[in-house]
Amino acid sequence: MTDLTQQPMRILSIGAGAVGTYIGGSLALNGHSVVFVERPAVVEELKQNGLALQINGHIQRIPNLQAVASLADVFQDGSYDIVLFALKSFDTGAAVKELLPYQEVMPPILCLQNGVDNEAVLAEAFGSERVIAGSITSAIGRRAAGNIVLERKRGMGIAATHDISHRLAKAMNAAELNVRLYARPTDMKWSKMLTNLLANASSAILDMTPAAIFANPDLFRLEVEQLREALKVMSANNIHTVDLPGTPVVALTIAVRNMPPKISQPILARLVGSGRGGKMPSFHVDLHAGRGQNEVKYLNGAVARYGNELGVPTPINRLLSETLMSLTKGELPVDTFAGKPKKLLDVFSKSS
C-alpha cells in the first residue's frame, strides 16, 4: 500500500501574495508541485522575473515556476491535494464566485486569512468538509510579485479536524514552516485575531507607528480596552485563548486582563514590534495606498458584530471599525485624525 504521507503533494495557491508565495514557494522548494493562479499581468511578471524567497538572508529561487491566469486551465490540468487560500478578507466573495463553477472538483481549502468569518463563507460555498482553518504568525514582506522576504519566522497553525491535516502539517514542517495542529480551530482563529487587533486600526486612523501609539498612555489604554472587549466576546462564546507558534497569546491575555499599565505596556509593545517585522500594520498600508477597502470590518468589526449578538458591549471596537471605514470610503478626509490622538480620544469620550 502506498504511503501518501511520503508522496509529493499537488498544491494550488489562489493568488501569489506574500503568504501564498511564502508557503507555496517553501513547499515547491521541498519537492511539491505548486501552481499559482493570478491575474494575467501578475502571471507575466512572475514568468519574467521568477519567484524568489529570501530566508535568513539567503535568496532561494523556485525552479520550474508554474503560474497561470485561467482557472479553467488549472482544473483541466488535473486534481490537487489542497488549495492555499490567503487573500484579503474583502476579496473572499469575488474569489468564491470565480471558484464556484469548479465546486465538484474542488479539493480541501486551507484558509489562512485574517479574521474569523472566512471559513464560514467558504464552507457555505464548498461544504464544511472541504474547509480547513489556518493561521500564520510569521512576518512576511512582499517587495514585488514573486519577491518575498521572511522578516520574522514564527510558524503556522492548522486545524487538526480534516483527514488531510496531519499529512499537510508533515509536508509543511519538512519545508520548515513550523506548523502546529489545533483541535479547536475557533480558539486558534480568535487568538490570532487578538494579535491582529493591536495598534492596527489606531495606527491607520492616526497615521502613527505602533511604537508611538504604545508610548502614549491614553492610546495604550484604548488598545487594552479593545482587547478586553474581544476577550469578553470570546468568553461569552466559549472561545479560549491558545498560544500560537512563536506567539504567546495566553501571556498577552494575562497582561491585558490583570497587569497594571506600567508592566503590561512594554510586554504588549514588544509583542507588536516583533510580530510585524518592523513594517506598518496592514490597515495602515491599505488605507494609505488608497485601495478603498480595509479588513478592519472583518476584525474590529467582527468583534462588534459578535458582541451585539451575544449582548456584550464593544464600543471601542465598533468605533474603531466605523471610523476607519469612513476614512477608507472617503466619507472623511484620510488625514482627519492624522497625528491627532486627542481628537480621536474625544470622539470615543463623547460616544461612551
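This is a short dialogue about reading a predicted model, from its overall form to its aromatic pairs, cores and backbone angles.

Reader: Where should I begin with the chain as a whole, and how many helices and strands are there?

Author: Let's start with the inventory: the chain holds 16 helices and 12 strands. Its C-alpha atoms fill a box of roughly 65 × 40 × 40 Å along the principal axes. For 352 residues, a compact globule would have a radius of gyration near 20 Å, and the chain agrees with this at 20 Å.

Reader: What share of the contacts joins residues 24 or more positions apart?

Author: Counting contacts with a separation of 6 or more, 70% are between residues 24 or more positions apart. As for burial, 52% of the 352 residues count as buried. The accessible surface comes to about 15600 Å², and carbon and sulfur atoms account for 51% of that.

Reader: Thanks! Now the interior: which residues touch the most other members of the largest nonpolar core?

Author: The general idea is that nonpolar side chains tend to be buried together in soluble globular proteins. Here the largest nonpolar core has 89 residues, and Ile23, Leu110, Met156, Met172 and Leu268 touch the most other members. Helix H10 (residues 217–236) gives this core its largest share, nine residues. A second, separate core has 20 residues, including Val35, Phe75, Val83 and Val96.

Reader: Leu110 sounds worth a click. What does Leu110 touch?

Author: Leaving aside residues up to four places away in sequence, Leu110 touches a list that includes Ile82, Leu84, Phe85, Ile132, Ile158 and Leu168. Met156 and Met172 are also among the residues that Leu110 touches.

Reader: On to the rings. How many aromatic pairs does a search of the whole structure find?

Author: A pair of aromatic rings is described by the distance of the centres and the angle of the planes. The search finds four such pairs in this structure. One of them is Phe75 with Tyr102, which is stacked, with 5.0 Å centre to centre and 20 degrees between the planes. Phe75 lies in helix H3 (residues 71–76) and Tyr102 in the loop between helix H4 (92–99) and strand E7 (109–111), so this pair ties together parts 27 residues apart in sequence. Phe75 counts as buried because its relative accessibility is 13%, under the 20% cut-off.

Reader: And at what angle do Trp190 and Tyr306 meet?

Author: Trp190 and Tyr306 pair edge-to-face, at 80 degrees between the planes and 5.3 Å centre to centre. This pair links distant parts of the chain, with Trp190 in helix H7 (residues 185–197) and Tyr306 in helix H14 (residues 300–310), 116 residues apart. Trp190 is buried, at 3% relative accessibility.

Reader: Which charged residues lie over rings here?

Author: Try Tyr80, which forms one aromatic cluster with Phe75 and Tyr102. Arg10 lies over the face of Tyr80, 4.5 Å from the ring centre. Elsewhere, the charged end of Lys343 sits over the ring of Phe337, at 5.6 Å from its centre.

Reader: Last topic: the backbone. What is the phi of Ala199?

Author: Most residues other than glycine have a negative phi. Ala199, although not a glycine, has a positive phi of about 50 degrees. Ala199 is in the loop between H7 and helix H8 (201–206).

Reader: Is Ala199 buried or exposed, and where is Asn238?

Author: Ala199 is buried, with a relative accessible area of 0%. Asn238 also has a positive phi, near 55 degrees, and sits in the loop between H10 and helix H11 (249–258). Asn238 is partly exposed, with a relative accessible area of 48%.

Key
Residues are numbered from 1 along each chain as its sequence is written. Side-chain values use heavy atoms; hydrogens and water are left out. Rings of Phe, Tyr and Trp (its six-membered ring) pair if their centres lie within 6.5 Å; planes under 30 degrees apart count as stacked, over 60 as edge-to-face and the rest as tilted. Helices (H or I, at least four residues) and strands (E, at least two) are DSSP runs, numbered from the N terminus. Buried means under 20% relative accessible area, exposed over 50%, partly exposed in between (1.4 Å probe, protein chains only). A charge sits over a ring if NZ of Lys or CZ of Arg is within 6 Å of the ring centre and within 35 degrees of the ring normal. The radius of gyration is taken over C-alpha atoms; the globule rule is 2.2 Å times the number of residues to the power 0.38. Contact means heavy atoms within 4.5 Å. Accessible areas come from the Shrake-Rupley method with a 1.4 Å probe; for residues, only the protein chains shown count as cover. A nonpolar core is a set of buried Ala, Val, Leu, Ile, Met, Phe, Trp, Tyr and Cys residues joined through side-chain atoms within 4.5 Å.
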